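Colleague: I'd like to go through the labels on this one and hear what backs each of them up. Can we take them in turn?

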Amino acid sequence: MTTLLADWLEIVLDAVNSLIVNKMRSALTMLGVIIGVAAVISLLSIGAGAQASITQRITSAGTNLITIYPGAPRERGVRGAPGSSQTLTYDDAQALANKSAVPDAQFVAPEYSRFGQIIFGSQNTNASVAGITAAYQQVFNLKVQQGSFITEEAVKRRAKVAVLGYQVAQDLFSDSNPVGQKIKFSAGGRKATLTVVGVLQEAGGSIFGSADDSVFVPISTAQMKLFRGRNPQGKLIVTSVVLKAPTETQVDAMQSEVETLLKARHNLSPADTEDFRIRNQADLLATASGVAETMTLFLGAIAAISLLVGGIGIMNIMLVSVTERTREIGLRKAVGARKGDILVQFLMEAVVLSALGGLIGILLGVAIARLMDTTGVMTAVVTTSSILLAVGFSLAIGIFFGIYPANKASGLSPIEALRYE
Amino acid sequence: MDRLRRLDSLAGGVEVIELKDIAKTYQMGEVQVHALRGVTLAIAAGEWVSVMGPSGSGKSTLMHIIGCLDKPTAGSYRLNGVEVGTMSAGQLAVVRNHQIGFVFQAFNLLPRTSALKQVMLPLRYSRDGARIPLAERRSRAMRALEAVGLADRAKHRPAELSGGQQQRVAIARALVTNPQIIMADEPTGNLDSHSGEEVMEILRTLHREKRITLIIVTHDEQISAEAQRIIHLHDGLVVGDTSQAQLERPGGSGA
């Protein structure tokens, strides 16, 4: 067993020695594999990073949420502008909050939001003004930095109070304390003055748009004082309702309860097209990670092409080497080398080239991924599977592209090879 | 012609090489080239044979067949009583490794490889079950280099050796597996007369002391004059087979 190992070690050393003889050529050939492997690893890392950050953004809001929007999933004819549907009313939201109708919902957060101009002193910003209820805080796990959140009391009183998202507070107040200050609101000719009661902690992005860029007001205030939140029938409307189930497993049950309730409330038979849309986090996650996976695959495939080109480079140089060393092959055969000995010798050279190139490529690829990640250019996650893939792929390429030249070498007849000039 | 002409006094009558009606035909595109057209001869163990003939006479082909580098198209070739004409390429490789040592006109050393490594090469391919351990290969190669007087050049590469020294390394390489037969193809063809004489002296010694069967292909009358037997080839046939025992060097007969 040890002699066998020693034999292989000798074969590897011989391969390394003969590659050292042509340093420049070997290095250039390896470069093809190095670039290919580094590209595979860094691009797969970027793909994995994108996927991780998308997943993180979606799950940070919780995977036990569903969101109901007004409007049919597919409307005939011309589709209205987003948010222009007025089929979801505040009464619907109230009904959804009824525990006996939707037992699997823990929190129900209706929202009525529009964009508006927010002014403080000389500073002004265009922000999403979100009319919400107290449940909104629980649903999205929002943390208050200063002051307090919108209370049920404020919703009842239609109080002209506002809670500022982190970024809005930064933009308008810089470092001074906004709590207690009065800000001016203006949209569509309506003007109002709001008292800041709280500022949120930085939340980071989520797929719902960031809470950091929003101004939160009581939903009743938004519907009746800041905007006109009524449909032609005079009912108060909402732009969305978010429901939170206690656990992820209850999401499906909650969703069907919601569907049943809303269809009944909107007098729709089971065959009718719904006039509302339900999005759940799991679907969203599946869609988003599906997209990210496709992107990763696409990037990986492009990188794999360069690895393939590197492999062809190996084959090319090995063919040259076989031709150059025809006499050597003849001599080796004359002194007793068998077909297999020559095959292994040349195959090992190709494998050493690709394996060494693969190793350097891994280091380079990981370095590139780390660099991009730490400099913040892109989120990159180096996965073990991408490294294993690159190692396996580069070895496979060495064997695949080495086998033809090695076979050619081993098939040479000793006399032909000895005669070769 | 007496096809089993041999020197019993030298070899005790043991025929190491027996060729019977050996023919070799090459297909060169449309044309068939008959390199050998029925060669029958026997060479006894310990004999020193010189093969002569003009180019195209088939002497190289004959060498290749005797050296198991090539297979005959027809006929029988028995090496030590074993039919090798029908052996597989792998079996022939074993025969070449164990029984035959080659010395070429152009030395055929590996570039950028030390003399010691050159000589170790055939042992690398020797296998009776397991391979020969590295240390043993090294010591055997060292002994072979000593035998050709190049022990002090073991670390030198071909580029650092004179032509004569390179050919001596090649002889050491041919010797290292203790073959029964050494086949030399114009061994002095690329050497000046002094180096050529050195090389011939080594071959002479091997023949005399180790009783190695020596087959030399040469154009050089002086070299073939040293042989105990001269085989002339012409157009793929043996046209002359002369024993010249009377020219033996003293001590060469061992009788």
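Modeller: Sure. Two strands pair if DSSP finds at least two bridges between them. Keep in mind that this is a predicted model.

Colleague: So what makes β6(A) and β7(A) a pair?

Modeller: Six bridges join β6(A), residues 182-187, to β7(A), residues 190-200. The cut-off is at least two, so they count as paired, and they run antiparallel. K184(A), for instance, stands opposite T193(A). The two strands form a hairpin with two residues between them, and G188(A) in the turn has a positive phi of about 55 degrees.

Colleague: How do you know that β2(A) and β6(A) pair?

Modeller: There are three bridges between them, in the antiparallel sense. With at least two required, β2(A) and β6(A) therefore pair. Here K184(A) has I119(A) opposite.

Colleague: Over to the chains. Why is R131(B) with D7(A) called a salt bridge?

Modeller: The closest N and O atoms are 3.0 Å apart. The limit is within 4 Å, so the pair qualifies. The count between chain A and chain B is five salt bridges.

Colleague: Which parts of chain A touch chain B?

Modeller: α1, α10, α11 and α13 of chain A each supply at least two residues. α10(A) gives the largest share, six residues. By class, that side has nine nonpolar, two polar and ten charged residues.

Colleague: And how much area do chain A and chain B bury between them?

Modeller: About 2200 Å², 55% of it on carbon and sulfur atoms. V335(A), R338(A) and I415(A) supply 26% of the area that chain A buries against chain B, more than any other three residues.

Key. Residues are numbered from 1 along each chain as its sequence is written. Chains are lettered from A and ligands numbered from 1 in the order in which they are written. This is a predicted model: local features need pLDDT of at least 70, side-chain atom pairs count only at pLDDT 80 or more; totals for chains, interfaces and linings use all residues. Side-chain values use heavy atoms; hydrogens and water are left out. Helices (H or I, at least four residues) and strands (E, at least two) are DSSP runs, numbered from the N terminus. Buried area is the accessible area (1.4 Å probe) that two parts lose on being put together, summed over both. A salt bridge is a side-chain nitrogen of Lys or Arg within 4 Å of a carboxyl oxygen of Asp or Glu. Ala, Val, Leu, Ile, Met, Phe, Trp, Tyr, Cys and Pro count as nonpolar, Asp, Glu, Lys and Arg as charged, and the others, Gly among them, as polar.
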